[in-house]
Amino acid sequence: MVALETPLCDFDRKAIDFCLPGVDGKTWTLAECSGPRGVLVMFLCNHCPYVQMVVDRLICDVKELQTSYGIGAVAIMANDVEEYPQDSFDNMKKFATQRGFCFPYLYDATQETAQRYEAVCTPDFFGFNADNKLQYRGRLDGARQQMTSNARRELFEAMMMVSKIGRGPQEQYPSIGCSIKWRNTMT
């Protein structure tokens, strides 16, 4: 397993629209996932140990951002499911149900959305303000593998700041995770 880090935040980069199927049977766009004060676009997958370590903390933070701060959220899975069948659409449905996702979980079968966002790993977080301008590209928190009450909730605090003033913090730490599993396009 190769761990990758996300690049630094490219402040004010515009969010990219998408139209992707969700595990709930609906097709979702960026506007439908957005809240009145911003949106958190997350690239996740089912099998990544980095995602599995943070997903419960992530769900708690997202619920609070949605209900108290007007931040919408969406998770997108873009891995090659032929090479990684544990990330199949059926397994996405199971994962979202088992974990109690409170946000749409979408399948990027063409990998075009992940490419356009320049996603590099799972998890990869993109926090946008109400004007769809990027304000956060960092990690969930500093806890890494263990759950600790001392860990600063970096993503939560950043998105709370975005909801209040439309800007994210200047100091951000990269997310670390497994690489996006790109399809081999060479034939």
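This is a short tour of the nonpolar cores and ring contacts in a predicted model.

Start by selecting L40, M42, L44, F101, F103, Y105 and L155: these have the most contacts inside the largest nonpolar core, which has 33 residues. Now colour the elements that each supply at least two residues of this core: β4 (38–43), α2 (49–69), β5 (71–77), α3 (89–99), β6 (105–107) and α5 (154–165). The top contributor is α2, with eight residues.

Zoom in on F101. Leaving out residues up to four places away in sequence, F101 touches L44, V55, I59, F95 and A96.

Next, pick A15, A78, Y117 and F128. They are among the 22 residues of a second, separate core.

Time for the rings: there are nine aromatic pairs to find. Show Y69 and F156 first, an edge-to-face pair at 5.8 Å centre to centre, with 85 degrees between the planes. Y69 sits in helix α2 and F156 in helix α5, so this pair ties together parts 87 residues apart in sequence. Both Y69 and F156 are buried. While you're there, add R153, which lies over the face of F156 at 3.9 Å from the ring centre.

Then hop to Y117 and F126, another edge-to-face pair: 5.4 Å centre to centre and 75 degrees between the planes. Y117 is buried, with a relative accessible area of 1%, and F126 also counts as buried, at 1% relative accessibility. Widen the selection to F43, Y117, F126 and F128, and you have a cluster linked by ring pairs.

Last stop: K26 and W28. Here K26 lies over the face of W28, 3.9 Å from the ring centre.

Technical notes:
Residues numbered from 1 in each chain as written. Predicted model: local features only at pLDDT ≥ 70, side-chain atom pairs only at ≥ 80, totals over all residues. Heavy atoms only, no water. Core = buried A, V, L, I, M, F, W, Y, C linked by side-chain atoms within 4.5 Å. Buried < 20%, exposed > 50% of the residue type's maximum accessible area, 1.4 Å probe, protein only. Helix = DSSP H or I, 4+ residues; strand = E, 2+ residues; numbered from the N terminus. Contact = heavy atoms within 4.5 Å. Phe/Tyr/Trp six-rings, centres within 6.5 Å; stacked < 30°, edge-to-face > 60°. Lys NZ or Arg CZ within 6 Å of the ring centre and 35° of its normal.
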